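Could you walk me through this structure in the viewer, step by step? I would like to know what to select next and what is there.

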Amino acid sequence: MEHFLQSIYDIFQNTFMIILIMEVIIGNLGNGFLALVNCMNWVKRKKISFLNQILTALAVSRMCLLWLLLTCLLISSLYPDLTTAAGMIKVFSNLWIIVNHSSIWLSTCLGVFYFLKITNFSNSLFLYLKWRVKKTVSVTLLLSLIPLFFNILLVNLETNVCISEFQRNISYSFRSHYYTQCYRRVLRFHTIFLFVPFGVCMLSFLLLIFSLWEHYKKMQQRVQRYRDASTTAHIKALQIVTAFLLLYTIFILSLLLQLWKYELINQSLFISFCQVIYVAFPSFHSCVLILGDVKLRQACLSLCCGG
């Protein structure tokens, strides 16, 4: 019976590892394609639109995120002793905060950009922001450095306290001490700071729906049979933001699951499952962005068909 359970465990572990590797490959291909096409167009035309600047920065940040995760997995497999060192945990924790923050806030700014560009409200504040969309998004990115600073500060303070406690009692490994005493609080910090951009995206999503509904009522009054350009743009933006929110929600739920079932945090199967959910966010959202853009979709089809 024990041998049978171990076999089932190994099957699940291997399955999660295969899915994770596939997600990393898809994510790197998708984000690499996004960055490459935008950079080639930039070189060719000697200019790049603000939207493509956001998309390129987002693709690069997500590739860094995926490569960081892959590096962590390789180090933990080849040099497991390194992952138990206090300094190594601190370095990877800070790097993860920075690249994860960049990825999420750039995605959030992309949603804000679509919202301001497409929706139409008569509110004076909205019109002020809409006429200055580039400045609004740039200021949003700049303000996002505030939660980044506090997140890094709080996590490092917690890690330093953890290191001090460990040095007073070194009867077991730092990794064991960290995941037993400190990681839950660090995870709580990450989750709290993630709700800020999630709230911004959710607000943009709801206002996009409201704007589409108002536009649809106006079109009905004019007895319009076919979709006009504004309706199409609304629906396209909603599809992209919906996909982002869905993947983002799954990602946050994976963190909440770790907090809820914290006693499983040292179980490799549970960690592999959470990693699969986590990597789905930066990997598959890039595919949504490619499919949602006509030019990118055509370039991707041309590349796949060898033409």
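Start with the spans that the unreviewed UniProt entry lists as "transmembrane region": residues 16-43, 55-79, 91-116, 137-157, 192-216, 237-257 and 269-291. Keep in mind as you go that this is a predicted model.

Now select residues 91-116, one of those listed spans. Here the chain is 100% helix and 0% strand, and 37 Å separate the C-alpha atoms at the two ends. Then jump to residues 269-291, which are likewise on the UniProt list. This span is 100% helix with 0% strand, and its end C-alpha atoms are 33 Å apart.

Next, go back to the span 91-116 and pick out Cys109. Is Cys109 buried or exposed? Its relative accessibility is 1%, so Cys109 counts as buried. Add Cys201 to your selection, and you have another buried residue, at 3% relative accessible area.

Show the sulfurs of both residues. Why is Cys201 not bonded to Cys109? The closest cysteine sulfur to that of Cys201 is the one in Cys109, but it lies 8.7 Å away, which is too far for a bond; a disulfide needs the two sulfur atoms within 2.5 Å. The structure as a whole holds 0 disulfides.

For the last stop, colour the chain by pLDDT. The mean over the chain is 78, and 79% of the residues reach 70 or more. Which element has the highest mean pLDDT, and which the lowest? Select helix H5, residues 133-143, for the highest value, 90; then move to helix H10, residues 294-304, for the lowest, 73.

Notes:
Residues are numbered from 1 along each chain as its sequence is written. This is a predicted model: local features need pLDDT of at least 70, side-chain atom pairs count only at pLDDT 80 or more; totals for chains, interfaces and linings use all residues. Side-chain values use heavy atoms; hydrogens and water are left out. Buried means under 20% relative accessible area, exposed over 50%, partly exposed in between (1.4 Å probe, protein chains only). UniProt positions are given in the numbering used here, feature names are shortened, and annotations may be inferred rather than shown by experiment. Helices (H or I, at least four residues) and strands (E, at least two) are DSSP runs, numbered from the N terminus. pLDDT is the predictor's confidence in each residue, from 0 to 100.
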